[in-house]
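Visitor: I have a model open and would like to learn how to read it. Can we go through it feature by feature?

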Amino acid sequence: MGDARSSRLRLAIQKSGRLADGTQDLLKRCGLSMARGRDKLFATITELPIDVLFVRDDDIPSLVADGVCDIGIVGENVMEEVRFTSEEPPAAVEMKLGFSRCRLMLAVEKGFNYQDAADLDGKRIATSYPGVLGAFFKAQGVAAHIVEMQGAVEVAPRMKLADAVCDIVSTGATLDANGLKPVETVFESEAVLIRRPAPFNEGEAAVFQSLTMRIAGVIQSRDAKYVMMNAPRSALDDIKALLPGADAPTVLELAGETDKVAVHVVCAEAVFWPTLEKLKAAGASAILVLPIEKMML
């Protein structure tokens with residue numbers, strides 16, 4: 001993959017599921033489109049020299065660490081488990097992507113009076129993440145017995161295989177359906193971009209930089225808003241203080257007005273209704289809040 005004659009990169013992404021949907025949406029927002037092969041497990045990105053492989057999410061860290069793929073998008077929880085359980089150097093996490101957020105949580109039966117992790121000392125805990133959970137219990141000084149399972153972890157207490165579980169939680173509906181309640185967060189996760197340990201050649205590095213710049217622009221624009229309003233000159237300092245994550249505003253003269261100006265500003269954070277009410281109270285009028293499709297700082 002590191003052939004100096006090539007600048008093409010291979011990107012590994014999940015072939016189906018919530019992470020796959022978020023990844024494809026991210027690429028689309030980056031202005032990248034995929035032409036897929038007949039077997040639907042391979043695609044090429046039209047706008048950049050990047051080939052895409054659709055694989056199981058659990059395989060992505062090893063494919064990138066081994067250099068079979070140059071980069072990948074995977075859940076941070078999967079990377080964390082690899083860090084604790086693999087003897088090989090892991091792929092490097094380049095950046096967090098802000099989607100597919102979830103939590104790895106301890107869950108117990110609804111009748112269990114849970115106070116803290118010490119209540120699980122000596123208990124059997126079923127999980128698909130023995131490395132992450134083992135590190136958590138070690139840090140807590142808890143000697144629990146970890147039962148490794150792949151899939152359907154939430155049924156373990158009902159089948160008397162374990163006293164509690166540690167599983168990925170997004171809504172908690174699956175746990176509730178199995179008579180369980182989440183009680184403590186072990187690890188918070190989101191999608192991450194990873195890269196192979198071996199350095200990129202000059203051409204690969206240029207492609208990678210172009211991709212990461214586009215991704216960073218999408219991430220920056222998610223909550224960012226373009227805010228326009230009219231306001232008294234005397235209120236400019238108060239208005240700037242009210243706008244979250246704002247740079248210096250652009251102030252424009254209004255035709256026929258001497259004490260009133262137009263204010264345009266980019267806010268790097270979301271602008272909520274209470275903020276608009278405070279702007280109005282400070283003297284602003286004709287307030288417009290517009291989404292930003294793309295942004296590059």
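Guide: We will go through a helix, two sheets, the nonpolar cores and one strand. Keep in mind that this is a predicted model.

Visitor: Let us begin with helix 6. Why does the distance between its end C-alpha atoms agree with its number of residues?

Guide: A helix is checked by its rise, taken as 1.5 Å a residue. Helix 6 covers residues 202–221, 20 residues in total, so it should span 28 Å; its end C-alpha atoms lie 29 Å apart, which agrees.

Visitor: What caps the N-terminal end of helix 6?

Guide: Asparagine 201 does: one of its side-chain oxygens is 3.0 Å from the backbone nitrogen of glycine 203.

Visitor: Which residues of helix 6 are buried, and what covers them?

Guide: The buried residues are Glu204, Val207, Phe208, Leu211, Thr212, Ile215, Gly217, Val218 and Ser221. Their cover includes helix 1 (18–29) and several strands, among them strand 1 (9–14), strand 4 (50–55) and strand 12 (191–195).

Visitor: Now the sheets. How do I read the order 9-8-10-7-11?

Guide: Read it as the sequence of neighbours across the sheet. This is an open sheet of 5 strands, and its pairing is mixed. Strand 9 (145–148) and strand 11 (180–189) are at the edges with a single partner strand each, so one side of each has no neighbour in the sheet. From one strand to the next, the twist averages 30°.

Visitor: How many bridges join strand 7 and strand 11?

Guide: There are 8, in the antiparallel sense, with strand 7 spanning residues 102–109. To find the register, look for alanine 107, which is opposite proline 182 of strand 11. Helix 4 (residues 130–140) packs on this sheet and touches strand 7, strand 8 (124–127), strand 9, strand 10 (164–169) and strand 11; the directions of helix 4 and strand 11 make about 95°.

Visitor: Which strands make up the sheet of 4 strands?

Guide: Its order is 14-15-13-16, an open sheet with antiparallel pairing. Strand 14 (250–253) and strand 16 (285–291) are its edge strands, each pairing on one side only. Ignoring direction, neighbouring strands are turned by 20° against each other on average. Strand 13 (residues 225–232) is joined to strand 16 by 5 antiparallel bridges, and tyrosine 226 has leucine 290 in strand 16 as its bridge partner. Helix 8 (residues 273–281) packs on this sheet, where it touches strand 13 and strand 16; its direction is at about 150° to that of strand 16.

Visitor: What should I look for in the interior?

Guide: In soluble globular proteins, nonpolar side chains tend to be buried together. Here the largest nonpolar core has 27 residues, and Ile73 and Leu97 have the most contacts inside it. Helix 6 supplies the largest share, 5 residues. Beyond its neighbours within four places in sequence, leucine 97 contacts residues including Leu26, Ile73, Val192, Leu193, Ile215 and Ile219. A second, separate core has 18 residues, among them Tyr114, Ala117, Phe137 and Val142.

Visitor: Last, is strand 1 mostly covered or uncovered?

Guide: Mostly covered, with 5 of its 6 residues buried. Strand 1 pairs with strand 4 in the parallel sense over 6 bridges; isoleucine 13 is partnered there by phenylalanine 54. Strand 1 also runs parallel to strand 5, with 2 bridges between them, and leucine 11 is opposite isoleucine 71 of strand 5.

Technical notes:
Residues are numbered from 1 along each chain as its sequence is written. This is a predicted model: local features need pLDDT of at least 70, side-chain atom pairs count only at pLDDT 80 or more; totals for chains, interfaces and linings use all residues. Side-chain values use heavy atoms; hydrogens and water are left out. The expected span of a helix is 1.5 Å times one less than its number of residues. Buried means under 20% relative accessible area, exposed over 50%, partly exposed in between (1.4 Å probe, protein chains only). Contact means heavy atoms within 4.5 Å. A polar contact is a pair of N or O atoms within 3.5 Å; within protein, one must be able to donate a hydrogen and the other to accept it, and residues adjacent in sequence count only if both atoms are side-chain atoms. Two strands pair if DSSP finds at least two bridges between them. Axes are lines fitted to C-alpha atoms, for helices over the stretch in contact, and angles run from 0 to 180 degrees between N-to-C directions. A nonpolar core is a set of buried Ala, Val, Leu, Ile, Met, Phe, Trp, Tyr and Cys residues joined through side-chain atoms within 4.5 Å.
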